Amino acid sequence: MSSLDPRIKRLDLKKTEEGEVHTNTHLITWEVFHQEKRGKQPMHVGAVHASNPEMALLMAKETFGRRGKTTNLWVVKSSDVYTFPTEDEDMFETTPEKMFRDPAYYKVRDRIEKFQNKQKV
Amino acid sequence: MNNEGLKDLLYKMADDALIIGHRNSEWTGIGPMLEEDLAFSSMAQDKIGHAQALYKILHEILGEEDPDKIAFLREEKKFKCCHFTELPIGEYDFSLVRHFLFDHAEALRYEMLAQSSFQPIVLLAKKIKGEIKYHTMHSDSFLKQLGTGNEESHARMQSALNYAFPFALGIFEKSEFENEIIADGIFAGEEELKKRWLEKIATIIAAATLKLPHVDESKIAYGGRKGFHSEYLKPLLDEMCEVVRTDPEAEW
Amino acid sequence: MYGNTSLTEEEAKRLNLTEEDPIKLAEFEDRITRGEKIEPGDWMPKEYRKQLLRMIEQHAHSEIVGALPEGTWITRAPNFRRKLALIAKVQDEIGHGQLLYSAAETLGKTREQMLEDLLNGKSKYSNVFNYPALTWADVAVIGFLVDGAAIVNQVINSKGSYGPYCRALERICYEESFHLKQGHDNVVYLATGTKHQRAILQDAINRWYRPLLHFFGPPDRNSQHSEKLMKWKVKLASNDDMRNQFLDQYVPKIWELDLTFPDPNLKKNDDGIWEFSDPDWDEFKRVINGGGPCNAERLEVRKYAEEAGRWVRNALMSKNEKYVMPMA
Ligand SMILES: [Fe+2]
Ligand SMILES: [Fe+2]
């Protein structure tokens, strides 16, 4: 084979011409969190494959931090992340009675005005 | 200030960065893992960027030609890069070992230049400090893991190191202006750099359970700094200017 | 063909057989109708998982194989600006592959298995990358028009129903806007340059015209439709609609530079639909089945990358770690 690519021409492609291809070597999967600026929440941005935490950080930097601003990255093994099963999503539904947690629920201006009007009399 | 000595220093730094950056960029798209493909490519881009910044200093402050002209259209014998940077990428073991040996020398050189009497290089050293830090962190991590990984990776790394080391020592080939640039406080010199470099890499190589080979002075790949290059530079330069030469009048 | 589904007749039939739990299926479909996304842990129909996986996997392969034609010119880019842009652009394509393989992994197939299926021919990639980049102008045309076509497809797909794929595409589309700008910049420099530059550019456009029309897949009248894939928001626009959108956006940008496409019938009708000559769909099939000018090289080079990198991955592998798929 004669490639148009000078880089490829220099490779010893014959070496791999024969034989089965095996790619089954799994590295560890890491979840990556990206903090854009100091004071901002680190956000989950994706995953990388790497052999250890140090390498996961080095790989995450160029996978998720090569554009824009980055202050820091976090990595954690995907196997160390725990979540609820998705069918339990209904647990998070809030009932209307939970209004007492909402700041908008507390309205006293009317009461104050009523009180002030009464005082004037 | 000694302009000839200064130019010589900047040219060899720039040419080294350009050629090794060019070589390392050849891995873009065919690296051993997707994530590493990205990392290695970014570092190659950084190196080419460093070369461009140095040529810019040569052009804007020292009156040399425009960076694109210097980089893409200069004759081979005017290049001052060391043979080490010219070698083909080989397999990943060699490319990683070269990256490790070269980048530590580069990092220490800029560290020393942060004290230079020539302000523009002090500013550049400051600007690219973070990039270079990542490069050596990356190379150290790989060297240690592959040196201690398994039998094959250990053997590959050791033989790549044996092959690369005489070329790496060629980085420190002295220039004819060595004494002047030291006296002018521009740069503390290749001898001093080599001393720091040997100290620095020794601990990392030991941690990787690898051994530095003994190299006879006569085996060191010198010549690049004086314009005498390996057989690999000319074809590389021909490739770099292939498009420009099809129409030298054109703006690309 | 590029994060795009084309079905065989048999597959289309199978899709229409309902063998899923009707209650779960109804919940699933309601969620999609409400405009909500499906996430990896959710129940999903087997066919949904299968079609989506196939589509994302093909898309990922297209990215890493797509890095090769332009890679041809990395060492020969003519100046600093172009050289850095080209390396960064090709690097991004590998990055897109990385993101997409992760998204596909959440559907239950490992990256390694996907790469193996690429190399053994079980899994395809976009046809457009089986053509050679003969001159520097090809880099410009690929960067502008092939990426332009890919963007049309990717922007549409980013409105789909599967969360991880949409998230990956959002990031990808952001990077693609750089690809498009640098490609257009390169095209404009050549188009407004010397005679030689204009000549190589026109030649490259002539050669890429048909592969670009093929890019969106066979015409709707000849392809299997699936209401279901539309309903499930796996497929969001028909091949012809996407092709038309592409022509509408990009043909005028080539014409304004006083360049042409090699097709006397190319024109926009009053109803907004572009008309063009038959781009030889037999050729399209031939290339898909391995008969293109670069199919063999593309796979051989990917195989080299996998094989030459294996010792590195083996040395880094920790034997007592079990494979775990990414979360999202
Ligand atoms: Fe892409
Ligand atoms: Fe792209």
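What radius of gyration would a compact globule of 328 residues have, and what does chain C have? The globule would come out near 20 Å, and chain C has 20 Å, so the two agree. Keep in mind as you read that this is a predicted model.

Let us stay with chain C for a moment. Along its principal axes, its C-alpha trace spans about 65 × 60 × 35 Å. Its secondary structure comes to 12 helices and 2 strands. If you walk from the N terminus, you pass ten helices in the order α-α-α-α-α-α-α-α-α-α, then the two strands β-β, and then a closing α-α. Of the 328 residues in chain C, 63% are buried. The contacts tell you how the chain folds back on itself: among those between residues at least 6 apart in sequence, 79% join residues at least 24 apart.

The outside of chain C can be described too. About 12,500 Å² is exposed, and carbon and sulfur atoms supply 52% of that area. The chain carries 45 positive and 49 negative side chains, and the centres of these two sets lie 3 Å apart.

Now turn to chain A, and try the globule comparison again. A compact globule of 121 residues would have a radius of gyration near 14 Å, but chain A has 29 Å. The box that holds its C-alpha atoms, taken along the principal axes, is roughly 100 × 35 × 30 Å. Buried residues account for 31% of the 121 residues here. Among contacts between residues at least 6 apart in sequence, 40% join residues at least 24 apart. The accessible surface of chain A is about 8,700 Å², with 53% of it belonging to carbon and sulfur atoms. As for charge, there are 21 positive and 19 negative charges, and their mean positions are 13 Å apart.

Chain A has 3 helices and 3 strands. Read from the N terminus, the order is α-β-β-α-β-α. The final helix in that order is worth a look. Helix H3 of chain A covers residues 109-120, and its 12 residues should span 16 Å at 1.5 Å a residue. The C-alpha atoms at its two ends are 17 Å apart, which agrees with that expectation. How many of the 12 residues of H3(A) are buried? The count is 0, and the helix is hardly covered.

For a contrasting spot in chain A, find Ala50(A) in strand S2, which covers residues 43-50. Its relative accessibility is 1%, and because buried means under 20% relative accessible area, Ala50(A) counts as buried. Which residues touch it, once neighbours within four places in sequence are left aside? Ala50(A) is in contact with Leu27(A), Ile28(A), Trp30(A), Met55(A) and Ala56(A). Thr25(A) is 25 residues away from Ala50(A) along the chain, and their C-alpha atoms are separated by 11 Å.

Chain B offers a pair of residues to visit in one loop. Leu210(B) lies in the loop between H10 and H11, and Thr209(B) is placed in the loop between helix H10 (190-207) and helix H11 (233-240). Is Leu210(B) buried or exposed? Leu210(B) is buried, with a relative accessible area of 6%. Leaving aside its neighbours within four places in sequence, its contacts are Leu143(B), Gly147(B), His154(B), Met157(B), Gln158(B), Leu161(B) and Ile205(B). Ser159(B) is 51 residues from Leu210(B) along the chain, yet the C-alpha atoms of the two are separated by 9.7 Å. Thr209(B), for its part, is partly exposed, with a relative accessible area of 43%.

Thr209(B) also has a backbone feature to point out. Most residues other than glycine have a negative phi. Thr209(B) is not a glycine, and its phi is positive, about 55°. You can find another positive phi in chain C, where Asp258(C) has a value near 60° and is likewise a residue other than glycine. Asp258(C) sits in the loop between helix H10 (239-255) and strand S1 (267-268) of chain C. With a relative accessible area of 64%, Asp258(C) is exposed.

Conventions: Residues are numbered from 1 along each chain as its sequence is written. Chains are lettered from A and ligands numbered from 1 in the order in which they are written. This is a predicted model: local features need pLDDT of at least 70, side-chain atom pairs count only at pLDDT 80 or more; totals for chains, interfaces and linings use all residues. Side-chain values use heavy atoms; hydrogens and water are left out. Helices (H or I, at least four residues) and strands (E, at least two) are DSSP runs, numbered from the N terminus. The radius of gyration is taken over C-alpha atoms; the globule rule is 2.2 Å times the number of residues to the power 0.38. Buried means under 20% relative accessible area, exposed over 50%, partly exposed in between (1.4 Å probe, protein chains only). Contact means heavy atoms within 4.5 Å. Accessible areas come from the Shrake-Rupley method with a 1.4 Å probe; for residues, only the protein chains shown count as cover. Lys and Arg count as positive and Asp and Glu as negative; His and the chain ends are not counted. The place of a charge is taken as NZ of Lys, CZ of Arg, CG of Asp or CD of Glu. The expected span of a helix is 1.5 Å times one less than its number of residues.
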